[in-house]
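Please examine the structure shown below alongside its sequence. The paragraphs that follow lead through the strands and then the helices.

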Amino acid sequence: MSGAVRGEIFCMATDAGNAHVAIVSAAMPFHLVATLHHLACAVRLLDGASSAVAELGEQPVDLILIEDDDPTDPGGARLVATLRGSRAQARTPILLITAGDARIVRATAVAAGLSDVMVHPVDPFDLCLRMNNLIALARSRRAAERQARNAAQAVAEAAAREREIIRRLMLAAEFRDDQAGDHLTRVAGCAIAIAEGLGLSEEEANDIAFASTMHDIGKLSIPDSILMKPAPLTEIEREEMKQHALRGYRMLTDSPSHLLQLASDIALTHHERWDGAGYPQGLKGAEIPLAGRIIAVADVFDALISERVYKKAWPLEQARAHLEAQAGSHFDPACVAAFVSRWADIVTLIREHRPAAVAA
Ligand SMILES: [Fe+2]
Ligand SMILES: [Fe+2]
């Protein structure tokens with residue numbers, strides 16, 4: 001790499017100012033350096049391929065210019081391939097100035113990841129123009145990557161904030177309803193098992209589980225005299241208690257958030273029954289959103305295995321048998337089958353988050 005670039009020194013308008021250009025050439029002609037001076041670039045001259053690889057392996061630059069004056073030597077193409085293998089230069093524009101019309105050398109260089117090629121003798125104006133364009137391209141690509149990174153970060157931050165708000169709502173519901181205990185954790189765990197048993201994706205299962213933590217958020221609107229009543233409810237009280245489904249829906253609905261939309265569906269429909277005898281809308285079968293059908297199974301199961309002031313906790317097997325007996329009437333049979341198919345996981349979950357006994 002020792003050839004000369006011929007031409008006159010000239011000035012041109014350019015937006016390549018402050019770009020960092022690395023030039024790989026054994027003997028850089030003075031007038032080419034002067035040309036680059038007019039581009040107002042920070043130029044680093046590297047003496048041959050080995051010093052280029054050593055110096056550019058980790059340091060990003062805006063453009064690499066390789067000058068190769070031997071038309072039979074594939075050294076330039078080899079250097080392109082080596083530089084492309086480094087993390088820092090994987091996508092840096094590389095311009096090769098080669099001697100003659102050695103198509104094989106040029107084709108090899110292009111295959112190795114070369115961005116552009118010029119053939120000696122190079123007109124300095126053309127060189128300047130080409131470099132300017134390549135630098136502008138590199139800058140646009142970096143700006144687009146930066147924007148994409150910022151957008152991805154903004155989305156991740158918004159999702160994290162959304163989940164934090166939901167967790168705080170869940171805490172509010174737990175403070176209000178003493179009996180909840182680990183109820184929400186167990187319902188969410190059962191929901192994941194059922195959703196996965198139904199073949200939903202991990203993301204869908206996690207979303208349903210997370211949204212399920214607000215299924216009883218509407219109980220925030222139920223008076224203490226009913227919510228905390230240490231005895232079975234009267235008919236009127238039961239009707240008031242049933243309002244929690246609709247009120248929870250109203251608290252959560254009309255949100256642009258996917259998780260809150262899902263949570264509002266669950267709040268509204270987790271007391272619907274497969275046979276249409278549930279509340280508040282008396283929806284039937286597939287009219288009930290799948291997430292509501294899943295949480296109906298998980299919620300009733302947990303209510304059965306938990307002790308209440310008016311009932312003992314059921315043994316796990318007995319609660320499971322009840323769900324199986326109610327498949328097709330109270331519950332979506334597919335959800336019950338999915339629940340049963342993940343029985344071992346559910347038993348482990350309940351052992352880890354055992355329902356508390358009611359204090360005497
Ligand atoms: Fe409920
Ligand atoms: Fe519940």
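Strand β1 (residues 20–24) and strand β2 (residues 42–46) run parallel and are joined by five bridges; strands are DSSP runs of E of at least two residues, helices are runs of H or I of at least four, and both are numbered from the N terminus. Two strands count as paired if DSSP finds at least two bridges between them. Within this pairing, I23 is located opposite L45 of β2. β1 also pairs with β3 in the parallel sense, over four bridges, and there V24 has I66 as its bridge partner. Four of the five residues of β1 are buried, and the strand is mostly covered. A residue is termed buried if 20 or more other C-beta atoms lie within 10 Å of its own, exposed if 12 or fewer do, and partly exposed in between, with C-beta atoms placed from the backbone.

The model is predicted: local features need pLDDT of at least 70, side-chain atom pairs count only at pLDDT 80 or more, and totals for chains, interfaces and linings use all residues. Residues are numbered from 1 along each chain as its sequence is written, while chains are lettered from A and ligands numbered from 1 in the order in which they are written.

From β3 (residues 63–68) the path continues to β4, to which β3 is joined in parallel by five bridges. I66, the partner of V24 in the pairing with β1, stands opposite L96 in β4. On β4, four parallel bridges make the pairing with strand β5 (residues 116–119), where I97 faces M118. Why is β4 described as largely enclosed by the rest of the structure? Five of the five residues of this strand (residues 94–98) are buried, so the description follows. I94, L96 and T98 point one way from β4, whereas L95 and I97 point the other way.

Helix α4 (residues 103–111) contains R106. Is this arginine, R106, buried or exposed? R106 is buried, because 20 other C-beta atoms lie within 10 Å. Leaving out residues up to four places away in sequence, R106 touches T98 and V117; contact here requires C-beta atoms, placed from the backbone, within 7 Å. The C-alpha atoms of R106 and D116 are separated by 9.6 Å, the two residues being 10 apart along the chain.

Attention now turns to the nonpolar cores. A nonpolar core is a set of buried Ala, Val, Leu, Ile, Met, Phe, Trp, Tyr and Cys residues joined through C-beta atoms within 7 Å. The largest one has 43 residues, and A191, I194, I294 and V297 have the most contacts inside it. At least two residues of this core come from each of α5 (124–176), α6 (183–197), α7, α9 (235–252), α10, α11 (290–305) and α13 (333–341). The greatest contribution is that of α6, with nine residues. Neighbours within four places in sequence aside, I194 is in contact with I294, V297, A298, C335, A338 and F339. Another core, of 32 residues, lies apart from the largest one and includes A49, L79, L95 and L114. In soluble globular proteins, nonpolar side chains tend to be buried together.

Finally, the axes of helix α7 (residues 202–212) and helix α10 (residues 258–269) come within 8 Å and cross at roughly 65°. Such axes are lines fitted to C-alpha atoms, for helices over the stretch in contact, and angles run from 0 to 180 degrees between N-to-C directions. The contact involves D207, I208, F210, A211 and S212 of α7 and L259, L262, A263 and I266 of α10.

How values were computed. Two residues are in contact if their C-beta atoms, placed from the backbone, lie within 7 Å.
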